[in-house]
Amino acid sequence: MPAKIRTATLAKMKAAREKIAALTCYDYPMAVAVDAAGVDIALVGDSLGMVVLGYESTLPVTLEDMIHHTKAARRGIKRALFVADLPFMSYQVSPRQALESAGRLIKEGGAEVVKLEGGLEMAETTRVLRRAGIAVMGHVGLTPQSVHALGGYRRQGTSEAQARALLAGAKALEKAGACAVVLEVIPEKLAARVTKALKIPTIGIGSGPSCDGQILVLNDALGLSPDRVPSHAKVYTRLYDQALKAAKNYVSDVKDQRFPQR
Ligand code: KIV
């Protein structure tokens, strides 16, 4: 098995200009698959709420939901750096709340790194977590937990003022000790600017090819959420269609008495 990926590995990959491949996963079998495929980062994202639990947004996801799925995925991961999202309102109240929630994701869920959304406003929380020995990944740009404040799932950092604020936020997270930062749905040029300005890796989603790595929501890549695939996602296979066909074949086999065989 290739060497275990650790937070320090990410920095080395950036320095060596080796691209970082990240995918989400939410349960044991998919964690086994993404780890065996050689992803560098496996993220139990709170996208869980939309692609697995059927919510309209990530907002209803609870810390208990995240711990439950993080535990399951944990058992399937051997090599990838294993990251889990802090869900909405499990860390925004205070650094102390963040410490307690992150502690549970690590102790009970088995996460190696916790990810939180926000730039400058999350620098102090990141610092507090790092002081407690907790590894942190940042997430700026389109931060889905702020969907209502942002006015929808729309590209961020489009004006120069917004771009400067986003860059300052990413720099503040780096200074506070974040090991990497996700750049979600920002202009390619801005992603390139942030990537150049930071020593820690940037992991892009819908932000162009200049980022140090890329992340996709696994269910989008597998074609498991056919009715709401974001335009930036690449669909590698159509598992929903295959599952539908298999289930239909099973139903007709039972109805027509082809299964089980006599
Ligand atoms: O929740 C999630 O899956 C994420 C990725 C899209 C980065 O945060």
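Trainee: Before we get to the pockets, how are residues sorted into nonpolar, charged and polar here?

Mentor: Ala, Val, Leu, Ile, Met, Phe, Trp, Tyr, Cys and Pro count as nonpolar, Asp, Glu, Lys and Arg count as charged, and the others, Gly among them, count as polar. Keep in mind that we are looking at a predicted model.

Trainee: Okay, so with those classes, how does the lining of the largest pocket divide?

Mentor: The lining of the largest pocket has 14 nonpolar, eight polar and nine charged residues, and the pocket's volume is about 700 Å³.

Trainee: Which residues of that lining lie nearest the centre?

Mentor: Of the 31 residues that line the largest pocket, P144, E184, V217, P230 and H232 lie nearest its centre. As for secondary structure, α3 (48-51), β6 (180-184) and β8 (213-216) each supply at least two residues of this lining.

Trainee: And where does the ligand go?

Mentor: The ligand takes up the space of the largest pocket. The residues around the ligand are T24, L43, G45, D46, S47, D85, K115, H139, V182, I205, I215 and V217, and by class this shell holds five nonpolar, four polar and three charged residues.

Trainee: Which side chains there have polar atoms by the ligand's oxygens, and at what distances?

Mentor: In the side chain of S47, an N or O atom is 2.5 Å from an oxygen atom of the ligand. For K115, a polar side-chain atom lies 2.8 Å from a ligand oxygen, and for D46 the corresponding distance from a polar side-chain atom to an oxygen of the ligand is 3.1 Å.

Trainee: How much of the ligand's accessible area does the protein cover?

Mentor: On its own the ligand has 260 Å² of accessible area, and the protein covers 96% of that.

Trainee: Switching topic, what's the volume of the second largest pocket, and what lines it?

Mentor: The second largest pocket holds about 420 Å³ of space, and among the 22 residues that line it, G118, G119, E121, G141 and T143 lie nearest its centre. The elements that give two or more residues to this lining are β5 (135-141) and α8 (160-176), with α8 giving the most, at four residues.

Trainee: And how does that lining split by class?

Mentor: The lining of the second largest pocket has eight nonpolar, 12 polar and two charged residues.

Trainee: Last thing, the backbone: which residues does a cis peptide bond join?

Mentor: The cis peptide bond joins F259 and P260, with omega at about -5 degrees, and P260 is placed in the segment after α11 (239-255).

Trainee: What about phi at R17?

Mentor: Although R17 is not a glycine, its phi is positive, at about 55 degrees, and R17 sits in the loop between α1 (7-15) and β1 (20-24).

Note on methods:
Residues numbered from 1 in each chain as written. Predicted model: local features only at pLDDT ≥ 70, side-chain atom pairs only at ≥ 80, totals over all residues. Heavy atoms only, no water. Near = heavy atom within 4 Å. Polar contact = N/O pair within 3.5 Å; in protein donor to acceptor, adjacent residues only side chain to side chain. Areas by Shrake-Rupley, 256 points an atom, 1.4 Å probe, with all protein chains shown as cover. 1 Å grid on protein atoms, 1.4 Å probe; cavity = no way out; pocket = protein on both sides within 12 Å on 5 of 7 lines; lining within 4 Å. Sits in = over half its atoms within 2 Å of the grid points. Points joined across faces, edges and corners; volume = space filled by probe spheres on them.
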